[in-house]
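This report describes the enclosed spaces inside one protein model. Please look through the sequence and structure below before reading on.

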Amino acid sequence: MFRLLGIHRATTARAPAMLRRLLSSSVETMQQEDSTTHSKVLTLETMNPNVRTMEYAVRGAIPIRAEELGAQLKKQPNSLPFSKITPCNIGNPQQLNQKPLTFLRQVSALMEYTDLLSPEMIDGTRKLFPEDAIERAKRNLSYVNNAVGAYTQSLGIQEIRENVARFIANRDGYPADADQICLTTGASGAVERVLDILVSNPNVGVMIPIPQYPLYTATLAHLNAQAVPYYLQEESDWQLSIDDLKRALAEARSQGTDVRALAVINPGNPTGGCLLEDNIAEIVKFCEQEKLVILADEVYQTNIYTGTNPFVSFKKVVSKLGSSVELFSFHSISKGMIGECGRRGGYYEAVNIDEQIMGQLMKMASVSLCPNVQGQMAVDIMVNPPQPGDASYEQYQSEVSAIYESMKRRAKKLAAAFNSLPNMSCNDAQGAMYLFPRVELPQAFVDEAVARGQQPDAAYCMQMLEATGISVVPGSGFGQVPGTFHFRSTFLPPEELFDEFIDGFRHFHEGLIKRYS
């Protein structure tokens with residue numbers, strides 16, 4: 001025994017004492033490690049339980065696994081049955097090679113490296129940059145005293161907020177007030193801020209669409225508030241049913257929930273649907289009658305692919321009806337043809353909001369000091385692009401049109417592919433960047449997933465990733481009618497690779513259906 005412990009025979013006389021010391025030392029070390037482990041102030045048990053319960057499927061288990069597989073491919077390029085990860089789980093256009101708009105990047109470059117605008121370098125700069133990009137950079141730099149790295153006003157640069165107001169007025173045909181507009185670090189930050197001020201206690205409820213973008217349920221979980229679901233109508237191109245709104249509201253209020261707001265995503269994420277103006281008018285009247293604040297998430301307003309369902313803003317309908325309903329509407333540079341997700345720029349417009357609440361929102365903005373400055377500058381270009389006669393106008397319009405037409409073709413092609421497959425149906429994308437096909441999973445597959453403690457649609461999506469490298473988001477991450485299964489896929493992969501993308505998916509899906517049927 002002593003030899004096994006590594007103790008020389010000559011020391012056997014002292015062995016019992018040595019063993020006692022060794023064992024005592026080991027136990028003491030283990031106790032110290034255990035004490036260290038459990039003496040942490042911040043643990044899963046002591047952390048904010050609301051954060052622990054948050055879920056965000058768009059960056060959940062499947063995208064995490066996709067990152068692992070991507071890392072594996074870098075180290076071992078031929079180790080998997082596919083050569084690359086295709087990230088269709090998130091609306092991140094430039095990750096999938098959407099070309100940035102030249103004018104926006106030119107202005108950004110000049111604002112970052114201001115020496116290019118100095119008298120000593122301006123002649124060389126004019127050989128590389130068009131005159132309107134130079135003039136826009138100079139003008140926007142004047143808004144911040146030539147210090148793009150400095151804080152701005154907490155609500156955002158005044159001149160840019162005025163440009164946003166003009167953009168809204170031109171879009172809707174009704175005036176907008178810059179003092180009711182706040183620039184934000186993306187639309188997500190704006191939504192979170194408004195939900196934060198709405199929720200005063202755990203009994204407050206916000207009506208959210210099912211399926212919905214997980215930002216809403218995650219933020220409400222963080223605030224320890226109640227998500228009150230209502231169902232979009234898949235059989236009616238994802239329109240919103242007033243009868244279902246009434247049902248959901250009555251049910252929640254009968255259970256004592258203080259329902260204060262209705263969130264609407266239009267065009268829809270993840271559905272790709274776009275609400276008709278008559279439907280929006282019904283929603284506005286319903287919310288006015290029921291004393292509900294409207295949260296209108298309109299970040300996909302330029303992503304419209306059909307003439308039957310044009311984008312109509314909630315602000316326009318509220319103004320047209322002369323409604324007193326309280327409204328927050330949100331927009332962003334992350335979507336549309338801009339696609340500058342990483343620059344984090346957006347805004348909200350507040351309509352019919354109490355002046356004292358506007359003061360409180362100002363205070364909340366002040367705590368964060370200011371929005372991302374380059375994000376603000378990108379918002380300015382989104383709402384005030386090159387105009388006819390400007391040097392960059394034709395190129396800007398050409399680039400925007402090329403992105404739009406390509407996205408429209410890809411949306412149509414992917415929907416047709418999904419509808420051609422067994423056990424699958426898909427509404428056409430009327431807007432946004434996504435399709436939300438319905439999958440009739442074989443019962444044997446469903447039973448197998450349930451036996452493993454998995455959501456069937458999540459198991460389907462994980463198997464798709466492992467087989468093809470295509471990363472999508474299961475419908476259970478957005479919510480869906482019980483007993484149905486969906487997934488959300490962007491149609492952002494480059495057009496020249498689209499056939500390869502569709503063929504990989506088709507092979508996986510048909511194989512799975514055949515194996516389990």
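Which residues line the second largest cavity? In this predicted model, the lining is made up of Ile168, Arg171, Glu298, Gln301, Ser329, Phe330, His331, Tyr347 and Glu349. The volume of the second largest cavity is about 30 Å³. At least two lining residues come from each of helix 7 (158-172), strand 8 (327-332) and strand 9 (346-351). Strand 8 contributes the most, with three residues.

The search that found this cavity covered the whole structure and returned two cavities of 30 Å³ or more. The largest cavity holds about 90 Å³ of space. Its lining has 15 residues, and those closest to its centre are Leu232, Trp238, Ile265, Gly268 and Leu275. Strand 4 (226-233) and strand 6 (258-265) are the elements that give two or more residues to the lining of the largest cavity.

The table sets out the two linings by residue class.

| Cavity | Nonpolar lining residues | Polar lining residues | Charged lining residues |
|---|---|---|---|
| Largest cavity | 10 residues | five residues | no residues |
| Second largest cavity | three residues | three residues | three residues |

The lining of the largest cavity thus has no charged residues, whereas that of the second largest cavity has three. Arg171, Glu298 and Glu349 are among the residues that line the second largest cavity.

Technical notes
Residues are numbered from 1 along each chain as its sequence is written. This is a predicted model: local features need pLDDT of at least 70, side-chain atom pairs count only at pLDDT 80 or more; totals for chains, interfaces and linings use all residues. Side-chain values use heavy atoms; hydrogens and water are left out. On a 1 Å grid over the protein atoms alone, a cavity is a set of points where a 1.4 Å probe fits but cannot get out, and a pocket is an open set with protein on both sides within 12 Å along at least five of seven lines; lining residues have an atom within 4 Å of a point. Grid points are joined across faces, edges and corners, and a volume is the space filled by probe spheres set on the points. Helices (H or I, at least four residues) and strands (E, at least two) are DSSP runs, numbered from the N terminus. Ala, Val, Leu, Ile, Met, Phe, Trp, Tyr, Cys and Pro count as nonpolar, Asp, Glu, Lys and Arg as charged, and the others, Gly among them, as polar.
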